[in-house]
Amino acid sequence: MTKEESIQQELIKNFNFLEDKIRIPKERRIFVDVSADKFEEVLKFLKEKIGFDTLCTITGLDEGATLGMIYHLTRQDGIVINIKISVPKDDPKIKTIIGYFPAAEYYEREVVDLLGAKVEGLPEGSRYPLPDGWPDGQYPLRKDWKSDMLEKEDK
Amino acid sequence: MDKVVIPVGPQHPALKEPESFRVILEGEKIVGVTLRLGYNHRGIEKACEERTYIQDLYLIERVCGICSHSHSTCFVQAVETIAGVEVPKRALYIRTLVGELERIHSHLLWLGVAGHEIGFDTLFMYSWRDREIVMDILADLTGNRVNYGINTYGGVKRDISKEQLQKILKAMDTLEERTKYYIQVATEEITLMKRLSNVGRLPKADVETLDAVGPVARASGVDRDVRRDDPYAAYNEVSFKVITVNNEDVYGRTLVRVGELMESYSIIRQIISNMPDGPISVKVPRKIPEGEAFSRYEAPRGEDVHYVKSNGSDKPERVKVRAPTLANVKAMLKMLENYNLADLPIIVAAIDPCFSCTDRAISIKKLDTGSSEIMDWKSLRQYSIEWYKRKGIKF
């Protein structure tokens with residue numbers, strides 16, 4: 001059994017709802033889909049029990065009716081685990097993970113600015129990366145936002 | 001004593017890049033720092049979604065003016081993984097070669113900047129002079145000093161001749177000689193050691209908590225390097241040491257980078273002596289099948305990561321880039337705590353935040369004829385002297 005497969009087994013053993021939610025498309029890459037309410041448990045397990053102690057970044061996705069968030073975690077042997085959750089776009093609440101990974105702060109601010117996610121528990125601080133005068137409710141990485149909207153506003 | 005808040009920026013206190021610090025001081029001592037980033041946000045991720053993969057190839061290389069090859073390689077690797085493309089070996093070797101040349105140019109540039117920040121401008125002059133050797137090689141191989149445009153999906157665009165490889169080997173000997181001198185400077189020059197030691201300390205435990213990357217992590221004893229841990233291109237076919245030290249300060253970051261220069265020369269020699277013959281690229285369709293991939297690359301400043309999601313069309317659904325500097329920002333804020341305001345430039349510079357580098361030749365389009373002419377260094381200098389003379393400045 002490869003290392004990746006043993007991680008898969010370990011996860012399924014502890015979280016039976018992950019049974020058919022784990023993909024290993026290539027060496028050192030694991031993709032996991034998890035529901036938002038179970039996410040924290042799985043994240044905690046990955047960090048504390050199987051050594052995924054480094055957060056690379058968080059990717060936000062506009063998936064139509066939902067917003068997807070992928071948390072990319074790595075460990076020393078080069079394996080990357082990409083855990084994805086989806087939250088409804090009309091109420092895109094996620095919980096901050098800075099308690100587990102303090103490095104998440106800037107990545108979380110990024111999904112707030114660019115995709116309009118609402119991150120519960122993220123402390124006050126300057127926004128990132130959009131400018132202070134950016135209009136409310138405009139989230140550039142959402143699919144209904146086009147870059148020519150920006151040019152129109154300038155005129 | 002009352003606390004004083006000093007705004008520094010958005011003009012960078014050390015480099016040529018905008019970011020804004022609010023430094024809270026007690027006397028000379030920094031007791032807190034908050035940071036505002038984003039002044040350089042150009043919306044490249046959105047722009048990638050709105051363009052084809054071929055256009056993105058050029059756009060993504062322009063994320064950074066120094067580690068342009070890092071971003072382009074990281075991105076093409078992700079797309080190639082989704083498309084299931086097997087890249088020819090020779091192309092992987094060429095990517096590795098250009099990647100290491102880029103690391104040499106970036107580290108020599110950093111060494112000069114660090115020298116400058118501590119008032120050691122001779123070091124700056126020396127290392128930037130030597131950097132020209134590697135810039136000339138890059139210009140010879142790719143046509144450009146930065147933004148090499150060597151990568152394409154399925155391989156590389158230009159082959160490298162035997163003569164060029166010989167030239168590189170010769171240059172490596174010169175650079176190795178010079179780097180030995182820098183190592184001597186770094187380990188024997190008492191003013192440099194005293195100025196950098198115990199400045200900007202970042203304990204190993206903080207690297208692990210804050211997920212710092214690259215030379216910053218390795219200078220605090222964290223043995224982490226994507227080239228070894230998650231090998232890409234031809235790195236699983238070369239042997240090299242991951243340089244780590246336990247100094248945990250700016251001095252350690254200097255030792256790591258000069259040490260890495262020596263490793264880069266060794267990697268380049270191995271690449272050249274083992275470079276396989278054969279094709280340099282395979283054809284990749286313009287439309288990329290639906291899928292997703294996560295790619296990592298050890299850029300000169302640390303781990304660079306790209307996530308690409310495709311939807312079966314000729315444009316990506318999502319491109320996510322995380323450059324190494326963002327991963328080191330939290331660590332940098334930590335390093336500043338309890339140091340003097342005067343240490344801020346070198347501490348900030350010591351994470352080697354990224355800034356753009358400019359070209360040396362200039363092309364002037366003649367409006368009347370539409371033809372263009374290339375100015376060499378000498379005539380460019382003459383042109384600038386005359387321009388200032390016309391403004392009434394005497395030379």
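Let's start with a sheet in chain B: three strands, open, in the order 6-7-8, with antiparallel pairing. Strands here are DSSP runs of E, at least two residues long, and helices are DSSP runs of H or I, at least four residues long, both numbered from the N terminus. Two strands count as paired if DSSP finds at least two bridges between them. Strand 6 (291-299) and strand 8 sit at the edges with a single partner strand each, so one side of each has no neighbour in the sheet. From one strand to the next, the twist averages 15 degrees. For angles like that, axes are lines fitted to C-alpha atoms, for helices over the stretch in contact, and the angle runs from 0 to 180 degrees between N-to-C directions.

Quick housekeeping before I go on. This is a predicted model, where local features need pLDDT of at least 70 and side-chain atom pairs count only at pLDDT 80 or more, while totals for chains, interfaces and linings use all residues. Residues are numbered from 1 along each chain as its sequence is written, and chains are lettered from A and ligands numbered from 1 in the order in which they are written.

Back to the sheet. Strands 6 and 7 of chain B pair antiparallel over 9 bridges, and they make a hairpin with 2 residues between them. If you want to find the pairing on screen, B:Ala299 has B:Gly302 in strand 7 as its bridge partner, and B:Gly291 has B:Ser310. On the other side, strand 7 (residues 302-310) pairs with strand 8, again in the antiparallel sense, over 6 bridges. There, B:Lys309 stands opposite B:Arg318 in strand 8. Strands 7 and 8 form a hairpin too, with 5 residues between them, and B:Gly312 in that turn has a positive phi of about 90 degrees.

So are these edge strands of chain B, 6 and 8, buried or exposed? In strand 6, 8 of the 9 residues are buried, so that strand is largely enclosed by the rest of the structure. Strand 8 (residues 316-322) has 6 of its 7 residues buried, so it is largely enclosed as well. Buried means 20 or more other C-beta atoms within 10 Å of the residue's own, exposed means 12 or fewer, and partly exposed is in between, with C-beta atoms placed from the backbone.

What lies across the sheet? Helix 12 of chain B lies across strands 6, 7 and 8, running at about 125 degrees to strand 7.

That helix comes up again where the two chains meet. 28 residues of chain B are in contact with 30 residues of chain A, contact meaning that the two C-beta atoms, placed from the backbone, lie within 7 Å. On the chain B side, the elements giving two or more residues include strand 7, strand 8 and helix 12 (324-336). Helix 12 gives the most, with 4 residues. By class, that side of chain B has 9 nonpolar, 6 polar and 13 charged residues. Nonpolar covers Ala, Val, Leu, Ile, Met, Phe, Trp, Tyr, Cys and Pro, charged covers Asp, Glu, Lys and Arg, and the others, Gly among them, count as polar.

Now chain A itself. It has 4 helices and 7 strands, in the order α-β-β-α-β-β-β-β-α-β-α from the N terminus on. Its C-alpha atoms fill a box of roughly 60 × 30 × 25 Å along the principal axes. Of its 155 residues, 39% count as buried.

Back in chain B, there's a helix pair to look at. Two packed helices are described by the angle between their axes and the distance between the axes. Helix 3 (residues 68-83) and helix 4 (residues 89-117) of chain B pack at about 150 degrees, with axes 9 Å apart. B:His69, B:Ser70 and B:Thr73 from helix 3 meet B:Arg95, B:Val98, B:Gly99 and B:Glu102 from helix 4. Those contact residues divide into 1 nonpolar, 4 polar and 2 charged.

One last residue: B:Arg257, in helix 11 (residues 250-274) of chain B. What does B:Arg257 touch? Leaving out residues up to four places away in sequence, B:Arg257 touches B:His107, B:Trp110, B:Leu111 and B:Pro215. This arginine, B:Arg257, is buried, with 26 other C-beta atoms within 10 Å.
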